Every structure is written in structure tokens, then in C-alpha cells.
Amino acid sequence: MSTYTGKVVVITGASAGIGRGLALAIAAERPRLVLAARDRERLEGTAVSCRALGAEAIVVPTDVAEEMACHALIARAVEAFDAVDALVWNAGISMWAPFAELTDFAVFERMMRVNYLGGVYLCAAALPHLRNVGGQIVGIASVAGLTGVPTRTGYAASKHAQVGFLDSLRVELMGSGIDVTVVAPDFVRSESRERAIGVDGRPLGLSPVQEARVMSTEECAQRILAAMRGRRRLVILSARGRLGRWLRLIAPGLIDRIARRAIARGR
């Protein structure tokens, strides 16, 4: 028996990128997966691949920006499998635009609704079920949730909100049997940059990052799965991110320069 054999695991943003990678990584343990995203066709593709690896899997097309959709997702999981053992809060959108060049600030509201409030709604809906089983909440945040990053003002703000919420929730849940894990990836090879919102409010279409030189989705997924198995508190997936967390306390200006250089170099 592996850690997640027979366990009900809800994963948002499971149609592509880190969410899909994590679903495939965990599928070999034969869990019962509830896969959520907006794109039904791609979600079905993830489910087919997970079933081939031994998992049970259902798909629930969901826009996490809508509160009722989040509650419906958890209700569907309980209807199908009678429990929720783990909630992976992964769905998110990004941006790549200097603040001074923005003219439409609706992107900030969208970032907060998808990256932050969507997870709040999911946690509220899942919490009673997680209490029943001593479950876990896993938030896929970002190093941008731990420090400021240029061109990512709205994204970093939403990820800081996510981290602050999960850290606070962890304290509230002490003694309940529910563990809260925050995962902070650095650049990961996925489609997130192509879909990131640019200065014109539309997806970039092309990644500004040297994708071949950053962490693969598969490696990222395996590290997240290891953190989940260990019920870790915080996992920062890059050496740069881990160093930055401590260096920020003694040399914050240096961290600003490192962040600026990383964005300029695209890795």
C-alpha cells in the first residue's frame, strides 16, 4: 500500500502543467482522483492517462474563480467517492507585465479571484470532509509568494495572499489532524508563461523564459509528491529560492537584484 492508495485526492488545474504532472505522478499509487480545470477536453486526456497508470479518476470542469463552482467540485468528489483525503490547490494564472505599462487593472482582480479566492472557497468547502479523515491541504504557491518579483506584481500579490492564508489556516487547524503544506516552485517548464497575461490584457503566446533550462514538470511533480507524503510545512523547490528566503533577512537589496536579473535572463 502506497501513501495515496485508495485515497481521494482533488487536484485543481489538472489539465496541464504542474497539475497534470502531479496527477500523473500520483496515479501509480492507485488513488481516486478528482481532476478539475476549465478545459474539459484536456482534463479528459489527463484522466485517461491516470487511469492507464492505475488510478480511478473523474473529471469536474471547474472555474475556481466562481465560489459556487468550488463548492460543486467538492460536492461532486464526495458524491463519487464519499470522502476527500487531500485537496491540492494548484489552479492559477500568471502575468508578465511591468506595472507602469499596464492600462487595464482588471488583471489584478482576476489574479486574486483565481489564485487566492478560488483556494479559499475550496478550503471552506473541503474542510468538514478533511476533518473526518485527518486529511491534508496542499497549496502550490510560488517563490513569488515569498518575495517580490518584477513584472509579476499582481501575481506575486495573489501568491503572497495564498501563502499568508495557508500559514494562518495551519495555525488554526493545529490538533485537528489536518496538515497544510505550502509548495513554492521557481520557474517550471510548463505552459504558464505562454498563457501569462501581458500588458495588453491578453496571453503572451510565447514564453519569455528559457524553458529548456528550467525544472521539468515531471521533476517538479515528484518533489511535490514527496512533500505531500511527508506532510511537510513548506517546500521551496529551487536552491535560489531557499537561499533567498534567508538572505532576504540580512541582505534584502541583494535579493531584489537577484529577482530582477532572473526575470531579465528568463531563468
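Me: What radius of gyration does the chain have, and which value would a compact globule with 267 residues have?
Reply: This is a predicted model, in which local features need pLDDT of at least 70 and side-chain atom pairs count only at pLDDT 80 or more, while totals for chains, interfaces and linings use all residues. Residues are numbered from 1 along each chain as its sequence is written, and side-chain values use heavy atoms, with hydrogens and water left out. Taken over C-alpha atoms, with the globule rule being 2.2 Å times the number of residues to the power 0.38, the radius for a compact globule of 267 residues would be near 18 Å, and this agrees with the chain, which has 18 Å.

Me: In which sense do strand S2 and strand S3 pair?
Reply: Strands are DSSP runs of E with at least two residues, helices are runs of H or I with at least four, and both are numbered from the N terminus. Two strands pair if DSSP finds at least two bridges between them. S2 (residues 32-37) and S3 (residues 56-61) have six bridges, and their sense is parallel.

Me: Why is cysteine 70 not bonded to cysteine 123?
Reply: A disulfide requires a pair of cysteine sulfur atoms within 2.5 Å. The closest cysteine sulfur to that of cysteine 70 belongs to cysteine 123, and this is too far for a bond because the distance is 9.7 Å.

Me: Is cysteine 220 buried or exposed?
Reply: Buried means under 20% relative accessible area, exposed over 50%, and partly exposed in between, using a 1.4 Å probe and protein chains only. Since its relative accessibility is 0%, cysteine 220 counts as buried.
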